[in-house]
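Visitor: I am new to this structure and would like a close look at a single part of it, the open sheet, together with whatever surrounds that sheet. Please take your time over the explanation.

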Amino acid sequence: MKKVKFTLLALISMLIVIPLNTLAETIVNNNGIEISEEDYNNFLKIRTHEYIMTMDLEDYNKLKSLDYNNITTDTRYIETVYNPHLLLTTEKEITEEQFNNPVMPILNTKDGYIETLQKKLTLTLAGGSYWNYVVLTATWKGTPGTRSFDVIGLLFDGADIRNGSQTGEQVYSEDGKYYGIDYAWNGTNIKRFSDGFGISMNVVNNKNLGSLQFSIDCDITPTENYTYIYGSYQHAVTTVSLEDSQKYEINTGGLGRVFSFPLSISQKYDGMSGVSLDYD
């Protein structure tokens, strides 16, 4: 009788323990990829929720392969104010708390309007044994009034880029659903250099945008004792053609320490400060 009682208790214990191990939460993204809670939390160290919801299997496998114990990040929260009549943009750095508050509205003036915008810019490096994964993400608080060709780019000093690894994404939500636009390493919107690259992205013009993000990424390997990484995102404050948006070189004297435009074109961008990392 005691033996039967022990067996029943053992079975009950197994029934209690097993579900606890199998009920770990998972997320299924737009492409039907099932992501464990542990993986999701790791991915958030490098990528945003919006990106994770739109990534494909290749992107998922890339994130799965990374070392999440070797992550370095630089994040800035920037507020820019643009006066189209004076063709003047000013900026100030704000806190994360200020960024998470409701975005400031467009302020009307007697001469027209002044547009106040807030953006989060994050540069992340995931270290590896040879190739290191670099991601730059620009996240909007609210959505911009001007929607033309914005540019986002990376510049490296003391590192080689794995050619073919340079990609970009524009991710947005509308009516609660996430959508992604991919930019290939050899597409018409990318401009590649030996020490970096930039991608021109035509901002989606949908009316009911809930969120808006731009990101680029690539693999690099150090060639010097110290490697420096610079990331820049430049928003077009007036209409810019794809051709004009690509009339840049990259150097640390440019906008956000990346984009060096002719003056006539640089004035069409907000000139927002960039982010940077260094490692040895």
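Guide: What follows begins with the chain as a whole, turns to the open sheet and the core, and ends with some single residues.

This is a predicted model, in which local features need pLDDT of at least 70 and side-chain atom pairs count only at pLDDT 80 or more, while totals for chains, interfaces and linings use all residues. Residues are numbered from 1 along each chain as its sequence is written, and side-chain values use heavy atoms, with hydrogens and water left out.

The chain holds seven helices and 18 strands, where helices (H or I, at least four residues) and strands (E, at least two) are DSSP runs numbered from the N terminus. Of its 280 residues, 46% count as buried; buried means under 20% relative accessible area, exposed means over 50%, and partly exposed lies in between, with a 1.4 Å probe and protein chains only. About 14,700 Å² of the chain is exposed, and carbon and sulfur atoms supply 50% of that area, as computed by the Shrake-Rupley method with a 1.4 Å probe, where for residues only the protein chains shown count as cover. Among contacts (heavy atoms within 4.5 Å) between residues at least 6 apart in sequence, 70% join residues at least 24 apart.

The part you asked about is an open sheet of five strands, in the order 12-13-8-15-18, with antiparallel pairing; two strands pair if DSSP finds at least two bridges between them. Strand 12 (190–193) and strand 18 (275–279) stand at the edges with a single partner strand each, so one side of each is left without a neighbour in the sheet. On average, neighbouring strands of this sheet are turned by 10° against each other, direction ignored, the axes being lines fitted to C-alpha atoms (for helices over the stretch in contact) and angles running from 0 to 180 degrees between N-to-C directions.

Strand 15 (residues 227–234) deserves a closer look, for it is mostly covered, with seven of its eight residues buried. Strand 8 is joined to strand 15 by seven bridges, and the two run antiparallel; here I152 stands opposite Y233 in strand 15. Five bridges join strand 15 to strand 18, again antiparallel, and in strand 18 the bridge partner of Y230 is S276, while that of Y228 is D278.

Next comes the largest nonpolar core, a nonpolar core being a set of buried Ala, Val, Leu, Ile, Met, Phe, Trp, Tyr and Cys residues joined through side-chain atoms within 4.5 Å. This core has 34 residues, of which L154, F156, F214, I220 and I229 touch the most other members. Among the elements that give two or more residues to this core are strand 8 (149–157), strand 13 (196–202), strand 14 (209–222), strand 15 and strand 18, and strand 14 gives the most, with six residues. Leaving aside neighbours within four places in sequence, F214 is in contact with residues including I152, M201 and Y233. A second, separate core of 15 residues includes I35, Y51, M55 and L63.

S245 is a residue whose contacts can be followed in detail, and its place is in helix 6 (residues 242–245). At 0% relative accessibility, S245 counts as buried. The side chain of S245 makes a polar contact with the side chain of S200, at 2.8 Å; a polar contact is a pair of N or O atoms within 3.5 Å, and within protein one must be able to donate a hydrogen and the other to accept it, while residues adjacent in sequence count only if both atoms are side-chain atoms. Not counting residues up to four places away in sequence, S245 touches F149, V151, S200, V240, F261 and Y269.

For a contrast in surroundings, consider a hairpin and its turn. Strand 10 (167–174) and strand 11 (177–183) have D175 in the loop between them, and these strands pair in the antiparallel sense over seven bridges, with V171 opposite G180 in strand 11. The hairpin has two residues between its strands, and D175 in the turn has a positive phi of about 55°. Most residues other than glycine have a negative phi. D175 is exposed, with a relative accessible area of 62%.
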